[in-house]
Amino acid sequence: MTNPHKEKPWFKFLSNRYVWVLLSFIIWMVFLDNYSYFGHRVLDKQIDELEDNKEYYQQEIKKDQEKIKKLNNPDETEKYAREKYYMKKDSEDVYIIEFEGDTIEKDVEK
């Protein structure tokens, strides 16, 4: 008994051993290998996130360097200490004025 599909072109194509080797190689490289396509996609996303973080931190470093340059000036250092840490001279009084929308409302007992 002979196979009725043996003369069909798709059967000849699929019965070729090189086709099977090529298909197995493609499946291996796309899904199973350590360097698979999906693994590369994950790594590329991580690289993009790290590059974004790098850019953000470089901008923050520039801002901090500008602040440091400003703080080298004694007048700016005094201004920063007064505004940030509420420091004062001995002969001065400091008044802190808070407006309604400026502070975070504290949780009331539940």
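Which residues form one aromatic cluster? In this predicted model, the cluster is made by Phe31, Tyr37 and Phe38. These names are a handy place to start a tour of the chain, which continues with an annotated stretch, then further ring pairs, and finally a pocket.

The UniProt record, an unreviewed entry, places a transmembrane region at residues 18-38. In the model, helix accounts for 81% of residues 18-38 and strand for 0%. From one end of this stretch to the other, the C-alpha atoms are 25 Å apart.

Aromatic rings deserve a second look, as a search of the whole structure finds four aromatic pairs. One of them joins Tyr56 and Tyr57, with ring centres 5.2 Å apart. The planes of these two rings meet at 65 degrees, so the pair is edge-to-face, a label given to angles over 60 degrees. How open to the surroundings are the two partners? Tyr56 is partly exposed, with a relative accessible area of 45%, while Tyr57 has a value of 51% and is exposed. The cut-off explains the two labels, because exposed means over 50%.

Another edge-to-face pair is formed by Tyr80 and Tyr85. Here the distance is 6.2 Å centre to centre, and the angle between the planes is 75 degrees. Tyr80 counts as partly exposed at 39% relative accessibility, whereas Tyr85, at 53%, is exposed.

Tyr80 also leads to the next feature, since this residue is part of the lining of the largest pocket. The volume of that pocket is about 170 Å³. Alongside Tyr80, the lining holds Lys67, Lys70, Leu71, Glu76, Lys79 and Glu83. Which elements give two or more residues to this lining? They are helix H3, covering residues 37-71, and helix H4, covering residues 74-85. H4 gives the most, with four residues. By character, the lining divides into five charged residues, two nonpolar and no polar ones.

Helix H4 itself can be checked with simple arithmetic. Its 12 residues, at 1.5 Å a residue, should span 16 Å, and the end C-alpha atoms are indeed 16 Å apart, so expectation and model agree. Just after H4 comes Tyr86, whose phi is positive, near 55 degrees.

Taken together, the region around H4 links several of these features: Tyr80 pairs with Tyr85, Tyr80 also lines the largest pocket, and Tyr86 follows the helix.

How values were computed: Residues are numbered from 1 along each chain as its sequence is written. This is a predicted model: local features need pLDDT of at least 70, side-chain atom pairs count only at pLDDT 80 or more; totals for chains, interfaces and linings use all residues. Side-chain values use heavy atoms; hydrogens and water are left out. UniProt positions are given in the numbering used here, feature names are shortened, and annotations may be inferred rather than shown by experiment. Rings of Phe, Tyr and Trp (its six-membered ring) pair if their centres lie within 6.5 Å; planes under 30 degrees apart count as stacked, over 60 as edge-to-face and the rest as tilted. Buried means under 20% relative accessible area, exposed over 50%, partly exposed in between (1.4 Å probe, protein chains only). On a 1 Å grid over the protein atoms alone, a cavity is a set of points where a 1.4 Å probe fits but cannot get out, and a pocket is an open set with protein on both sides within 12 Å along at least five of seven lines; lining residues have an atom within 4 Å of a point. Grid points are joined across faces, edges and corners, and a volume is the space filled by probe spheres set on the points. Ala, Val, Leu, Ile, Met, Phe, Trp, Tyr, Cys and Pro count as nonpolar, Asp, Glu, Lys and Arg as charged, and the others, Gly among them, as polar. The expected span of a helix is 1.5 Å times one less than its number of residues.
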